[in-house]
Amino acid sequence: MTLRVGVIGTGIMGADHAAILNAHVPGAEVTVLADTDVPRAQAVADGIPGARVLADAHALITSDDVDAVLVASSDATHVEYVLACLEVGKPVLCEKPLAPTSAECARVVEAESALVGGGDPLVSVGFMRRFDPGYVELKDLLGGGALGVALMVHSTGRSVSAVLGSSEFTVTGSAIHDFDIVPWLLDSPVVEVAWLAPRQSPDVTDRQDPQLMLLRTGDGVLSTVDVFLNARYGYDVRCEIVGSRSTASLSEPHRIERAEALTQGHAYAADWRPRFADAYRLQNQAWVGSLVRGERSPLPTARDGLQAALVAEAVIESMHSGGDFVRVSPPT
Ligand SMILES: NC(=O)c1ccc[n+]([C@@H]2O[C@H](COP(=O)([O-])OP(=O)(O)OC[C@H]3O[C@@H](n4cnc5c(N)ncnc54)[C@H](O)[C@@H]3O)[C@@H](O)[C@H]2O)c1
């Protein structure tokens with residue numbers, strides 16, 4: 001069976017997802033692309049045989065030649081399109097965050113549960129780090145007992161530069177990945193958080209940059225999350241689990257080291273796409289494969305999206321209250 005996929009949003013991520021689905025996902029066919037910026041969508045469609053373009057994403061969702069939808073438009077538009085997919089009963093893979101607020105995420109959870117009850121979820125969320133081979137190996141090492149018991153996790157995210165935003169947007173748009181991956185690694189939910197700010201980078205005026213967050217999970221592990229979006233030197237994601245017997249860290253990003261001009265070293269990616277290329281591909285293959293086989297999607301669910309949004313809101317509350325520890329509200 002071929003799964004005909006419609007992609008909403010053809011910016012950096014939508015274009016990447018469409019290309020991955022077209023070239024690397026057996027069983028997937030990208031049939032329709034929609035973006036308010038039609039020439040942008042057309043430029044992406046030009047590289048995908050048979051794909052057509054619509055200006056209206058709702059028309060894509062109801063199209064007869066779309067079996068499943070991938071939402072990669074801007075964060076604030078996600079909920080509208082995910083709810084529209086639920087209305088017509090089509091599976092949807094929504095880029096992170098499911099929505100900028102927990103109230104919107106809760107609307108999706110409620111709408112989905114009213115539709116499918118305890119059956120297979122229709123909504124999957126693109127927390128693709130769960131498919132990154134390094135993170136998978138870290139989780140397996142911890143789960144297999146090789147590290148002893150986990151005591152701390154250190155999670156670091158740096159990028160070259162960020163589009164204009166706010167301190168809060170660093171939390172909901174970037175650190176949201178950490179709010180999913182840390183509890184996933186530990187198999188324990190985040191129950192308490194704090195937000196702290198070091199000295200401000202002198203080049204940055206739109207937001208506090210860098211930021212440091214503390215996450216306490218239900219198992220008592222204390223994790224640090226530091227995010228520096230205008231770090232200049234490269235895209236760099238690190239993660240270390242400190243266990244009672246040993247520690248383990250991701251060794252990405254490099255597969256190649258070069259020696260030249262009296263130095264030895266490796267290059268950094270300019271953004272997230274090369275670093276997480278395997279993760280996006282494996283995620284999309286897992287999503288399409290499960291739908292083609294009629295199985296439950298193995299991707300994170302709307303509830304996972306809601307859980308991460310609740311952590312983000314607690315972090316922002318701490319940001320606004322001078323760094324106090326804040327309890328994470330349980331999902332209703
Ligand atoms: N998983 C990851 O690692 C990762 C990385 C980057 C971005 N993202 C997420 O992917 C999504 C897209 O990010 P991006 O970097 O591609 O942004 P982008 O700005 O490059 O692209 C967004 C696209 O959405 C289109 N758009 C805006 N409003 C729309 C609407 N109402 N209907 C249809 N199209 C609309 C814009 O015209 C644009 O082409 C965001 O939600 C972002 O948070 C995820």
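This text goes through a predicted model of a protein chain with a ligand, taking the domains, the sheet, the ligand shell and the second domain in turn.

The chain is divided into two parts. Domain 1 covers residues 3-128 together with 277-300, and domain 2 covers 129-271 together with 310-327. Each domain is therefore listed as two segments of the chain, given the assignment of bounds used here. Taken over C-alpha atoms, the centres of domain 1 and domain 2 are 26 Å apart. Where the domains meet, 13 residues of domain 1 are in contact with 12 residues of domain 2. On the domain 1 side of this contact, helix 9 supplies the largest share, 5 residues. The classes on that side are 8 nonpolar, 2 polar and 3 charged residues.

Next comes the open sheet of strands 1 to 6. Its 6 strands are arranged in the order 3-2-1-4-5-6, and their pairing is parallel. Strand 3 (52-54) and strand 6 (123-126) are the edge strands, each pairing on one side only. From one strand to the next, the twist averages 25°. At one end of the order, strand 5 (residues 92-95) runs parallel to strand 6 and is joined to strand 6 by 4 bridges. Val92 has Val123 of strand 6 as its bridge partner.

Helix 9 (residues 277-293), already met at the domain contact, also packs on this sheet. Helix 9 touches strand 1 (3-8), strand 2, strand 4 (68-71), strand 5 and strand 6, and its direction makes about 135° with that of strand 1. Helix 2 (residues 38-45) lies across strand 2 (28-34) and strand 3. The direction of helix 2 is at about 165° to strand 3.

The ligand has a shell of 25 residues, of which the closest are Gly9, Gly11, Met13, Ser73 and Glu95. Helix 1 (residues 12-24) gives the largest share of this shell, 3 residues. Sorted by class, the shell holds 9 nonpolar, 10 polar and 6 charged residues.

The next strands to consider are those numbered from 7 onward. Strand 7 (residues 150-158) pairs with strand 10 (residues 222-228) in the parallel sense, over 7 bridges. Two positions can be located in this pairing: Gly157 has Val227 of strand 10 as its bridge partner, and Arg158 stands opposite Phe228. Strand 7 also pairs with strand 11 (residues 236-243), but here the strands run antiparallel and are joined by 8 bridges. In that pairing, Thr156 is partnered with Arg238 of strand 11.

Strand 10 is paired in turn with strand 9 (residues 211-217), again antiparallel, through 6 bridges. Met213 has Val225 of strand 10 as its bridge partner. Strand 9 and strand 10 form a hairpin with 4 residues between the strands, in which Gly220 takes a positive phi near 90°.

A final stop is Ile256, which lies in the loop between strand 12 (247-249) and strand 13 (258-260). Is Ile256 buried or exposed? Ile256 is exposed, because 6 other C-beta atoms lie within 10 Å, and a residue counts as exposed at 12 or fewer. Ile256 and Arg216 are 40 residues apart in sequence, and their C-alpha atoms are 36 Å apart in space.

Note on methods. Residues numbered from 1 in each chain as written. Predicted model: local features only at pLDDT ≥ 70, side-chain atom pairs only at ≥ 80, totals over all residues. Near = placed C-beta within 6 Å. Nonpolar A, V, L, I, M, F, W, Y, C, P; charged D, E, K, R; others polar. Pairing = 2+ DSSP bridges. Axes fitted to C-alpha atoms, helices over the stretch in contact; angles between N-to-C directions. Contact = placed C-beta atoms within 7 Å. Buried ≥ 20, exposed ≤ 12 C-beta atoms within 10 Å, placed from the backbone.
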